[in-house]
Amino acid sequence: MDNIDILLQAPILNVQLLLDGLMIGAIFALAAYGLALVWGVMNVKNLAQGDFVIAGGYIGYALAQAGIHPILALPIAFVVMFGFGWLLYKWVISRVVDRDLFASLLATFGIAIVLQQVLNLIFGPEVRTAESGLETLSFAGGLVTVAEIKLLSFVLAGILAASIIVFMKRSRMGQAIRATAQNARAARVLGIDTERVYAFTFALNAAICGAAGVLVVMIWVIQPYFGIVYAVRAFIIVVAAGLGNMPGVIVAGLLLGAAEQFSGFILGAEFQVASVVGMLLAVLVWRQMQQARLRQALQ
Amino acid sequence: MMHQAMKLGLLAGAGALLATSALAKVEGDTIWLGSAISLTGKYATNGVHTQRGYELAAKKVNDMGGIEIDGKKYKIAIKYYDDESTPARGAQLAERLIKQDGFKYMLGPYSSGLTKAIAPVTEKYRIPMVEAEGASRSLFTQGYRYLFGIISTSEQYLGSAVDLAAEMAEKGGGKASDVKVAMAFENDPFSLDVRAGVLDDAKRHGMKVVIDDKLPRDLNDMSATLTKVKALRPDLLLVSGHSKGAATAARQIKELQIDVPMIAMTHCESADVIGKFGKEATNGFLCPTQWAETMSYKGPYFGSAGDFDKAFKATHPEYTSVPYQSAQAAAAVLVWADAFKRANSLDPEKLRDTLTTTDLTTFYGRVKFDDTGKNIAKPMALRQIQDGMLNVVAPSAFASHPVEHPRKAMY
């Protein structure tokens with residue numbers, strides 16, 4: 001518990017951990033948002049979520065190699081991954097969307113493996129990264145540092161999330177998506193082309209992941225087999241927030257980022273992920289107890 | 001009748017095999033060494049580096065008159081089988097080389113994993129194997145008698161950095177036991193070997209370990225650990241986590257503006273941290289290496305490390321720098337040549353005993369095996385990133401540049 005002492009003696013370090021956590025959490029939240037969308041609308045649990053993020057990262061890396069600034073690569077990756085997601089829906093997902101749970105799990109797991117291998121064939125197994133060329137801001141005599149790229153990513157993630165929320169609320173397609181999520185059959189009866197809604201939703205998810213990937217390649221490093229990091233976090237966030245709770249996904253994402261930083265500091269890096277999964281378990285148990293109480297009231 | 005004919009045929013076949021195997025180890029004036037090597041699969045690049053090292057050394061030995069045994073001159077030749085980078089295939093091929101083809105002298109494959117798979121086979125048939133590409137400590141804790149490794153094992157990778165920190169502390173008027181060490185090691189067999197070595201060395205100097213984080217394999221972020229480094233201000237920061245760990249650490253050390261007088265990490269080179277994050281931010285990093293062409297080692301056959309570098313580039317002009325995998329492979333062949341000469345015999349058992357008393361200075365460093373078969377005479381070298389160049393700074397006897405301490409990073 002020496003590490004807690006450090007945090008008490010140098011409270012400024014809490015600021016560092018919190019800032020890092022929130023900025024990391026924003027990117028996890030993006031990936032989780034896409035997952036929640038696909039899960040909620042199509043009831044497909046996309047195991048390839050993390051690999052979409054990595055694929056977006058490689059688009060950013062490839063464009064950076066070609067001389068395009070990685071920040072400008074973000075909209076390009078968004079569009080490319082949207083097209084990729086659409087094709088993937090037509091080829092694979094449309095065949096499993098109405099089937100049982102295992103069909104979609106197997107299909108997306110297969111997509112994940114193929115995607116990893118293809119990325120490995122094209123880019124090789126080396127660790128890649130793209131430099132944004134931005135500096136680091138330093139406060140409190142260097143005790144708190146904020147990489148400008150993380151700050152920028154946080155803002156970009158915020159803008160992206162906000163525009164998706166507005167899109168879902170205001171646009172015809174957004175309304176159609178929400179209608180389909182509530183009741184696909186009723187939506188079909190009312191003349192909504194649910195097939196198109198599904199394709200659009202899946203493509204939008206891939207696009208969001210692609211954008212997140214470009215942020216990842218500028219902040220961390222990528223490698224073809226690195227998707228699992230983002231897939232696991234996205235699932236934890238969506239489960240903790242509860243299905244259909246979109247604002248909850250964003251809050252849970254930010255909290256997860258911060259919780260990871262603090263547990264990594266206090267318990268050590270080896271418990272960073274374990275403690276987050278432990279917290280998820282606690283949330284699930286707590287929710288179960290709440291619901292049990294509700295059931296009793298009904299009786 | 002048919003059956004009998006088949007049996008006869010089989011017998012004849014087996015007889016032919018036996019006849020060739022008697023010849024295979026030494027044919028006329030040629031001594032054959034056998035090796036399973038990764039020419040395809042995930043280790044193909046390094047497997048080919050290894051093969052080129054073996055070939056270059058064999059050619060050098062032959063060009064310089066070969067080996068004289070009992071008044072007769074012999075040449076060296078090497079037979080390779082492609083193990084496809086898979087351990088099971090490697091073990092199978094070693095079995096084939098020894099049992100079917102009759103090889104009595106072996107050179108190692110590429111990687112610790114393959115060596116681990118092949119060592120039990122050579123041990124079973126009592127065939128000595130000199131390996132140059134397996135660094136895992138666990139290779140030398142099994143009690144193998146016929147395995148000889150010439151590279152520094154994994155627990156020595158960051159040991160020189162600990163010694164260097166002690167040396168610097170004493171030079172600055174302090175005590176080695178005042179040094180505070182922070183460690184961030186990945187939770188995988190290689191890095192845990194490295195960690196075990198560091199813990200031993202730190203204990204020997206009486207140093208205090210203030211951070212000992214084990215990074216999970218799928219961890220993408222080290223900022224929590226590095227924030228701790230900021231708070232506790234250690235004198236030495238050690239990182240080991242393959243290329244991924246080195247790249248993540250270098251990036252976040254830059255972002256968090258970590259100001260530690262000495263930072264050492266494995267895999268700086270394969271992660272290309274200088275190219276990725278610039279020479280300013282990575283300035284002063286210490287990177288362990290088995291060998292560098294600028295080191296002042298010298299020995300028979302090739303001359304100095306620099307001469308080996310030239311000889312290799314003359315044979316393979318496509319290389320801009322010589323991979324250390326090739327250098328250590330070449331050294332393994334020289335160890336065999338030396339053993340043949342001193343044993344003055346072709347008997348594997350006698351050669352095995354002669355190998356145990358090896359004390360050879362080569363362009364790759366000194367080779368002398370301990371009871372477990374690992375080379376204890378060659379230290380791990382440390383290179384420091386100085387203005388974008390990797391300069392050898394330790395051990396001081398073979399250094400080309402003085403160490404820059406404390407490191408001067410420009411974030």
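Which strand of chain B is the place of V367(B)? The answer is β16 of chain B. This is a predicted model, so let's start at that residue and then work outwards.

**Around V367(B)**

V367(B) counts as buried because 26 other C-beta atoms lie within 10 Å, where 20 or more are needed. Its strand, β16(B) (residues 365-368), runs antiparallel to β15(B) (residues 359-362), and four bridges join the two. Together they make a hairpin, with two residues between the strands. Within that pairing, V367(B) is the bridge partner of L360(B).

Sequence neighbours up to four places away aside, V367(B) touches I150(B), A331(B), V335(B), T358(B), L360(B), T362(B), N375(B), A377(B) and K378(B). Take V335(B) from that list: 32 residues separate it from V367(B) in sequence, yet the C-alpha atoms are 7.9 Å apart in space.

**Two helices of chain B**

Here are two helices of chain B side by side, with the span of each from end C-alpha to end C-alpha.

| Helix | Residues | Length | Span | Expected span |
|---|---|---|---|---|
| α6(B) | 189-205 | 17 residues | 25 Å | 24 Å |
| α11(B) | 324-343 | 20 residues | 29 Å | 28 Å |

For α6(B), the span agrees with what 1.5 Å a residue would give. For α11(B), it is close to the expected value.

α11(B) is mostly covered, with 17 of its 20 residues buried. Just past its end, N344(B) takes a positive phi of about 50°. A positive phi also turns up after α6(B), where G206(B) has a value near 70°.

In α6(B), the buried residues are F190(B), S191(B), D193(B), V194(B), R195(B), G197(B), V198(B), D201(B), A202(B) and H205(B). What covers them includes helix α5 (159-171) and strands β8 (180-186), β9 (208-215) and β10 (236-240) of chain B.

**Chain A as a whole**

Chain A is built from 12 helices and two strands. Reading from the N terminus, five helices come before the two strands, and the remaining helices follow. Its C-alpha trace spans about 65 × 60 × 35 Å along the principal axes. The radius of gyration is 20 Å, which agrees with the value near 19 Å for a compact globule of 299 residues.

Buried residues make up 48% of chain A. Among its contacts with a separation of 6 or more, 76% join residues 24 or more positions apart.

**Where the chains meet**

Between the chains, 31 residues of chain A are in contact with 28 residues of chain B. On the chain A side, several elements supply at least two residues each, including α1 (2-9), β1 (136-139), β2 (144-147) and α12 (272-298). The largest share, five residues, comes from α2(A). By class, this side of chain A has 16 nonpolar, 12 polar and three charged residues.

**The largest nonpolar core**

The largest nonpolar core holds 232 residues, and those touching the most other members are L30(A), A32(A), A211(A), I237(A) and V333(B). Here too α2(A) gives the largest share, this time 20 residues. In soluble globular proteins, nonpolar side chains tend to be buried together.

A211(A) gives a close-up of this core. Setting aside neighbours within four places in sequence, A211(A) is in contact with L30(A), G56(A), L74(A), A77(A), F78(A) and L160(A).

Terms used: Residues are numbered from 1 along each chain as its sequence is written. Chains are lettered from A and ligands numbered from 1 in the order in which they are written. This is a predicted model: local features need pLDDT of at least 70, side-chain atom pairs count only at pLDDT 80 or more; totals for chains, interfaces and linings use all residues. The radius of gyration is taken over C-alpha atoms; the globule rule is 2.2 Å times the number of residues to the power 0.38. A residue is buried if 20 or more other C-beta atoms lie within 10 Å of its own, exposed if 12 or fewer, and partly exposed in between; C-beta atoms are placed from the backbone. Two residues are in contact if their C-beta atoms, placed from the backbone, lie within 7 Å. The expected span of a helix is 1.5 Å times one less than its number of residues. Ala, Val, Leu, Ile, Met, Phe, Trp, Tyr, Cys and Pro count as nonpolar, Asp, Glu, Lys and Arg as charged, and the others, Gly among them, as polar. A nonpolar core is a set of buried Ala, Val, Leu, Ile, Met, Phe, Trp, Tyr and Cys residues joined through C-beta atoms within 7 Å. Two strands pair if DSSP finds at least two bridges between them.
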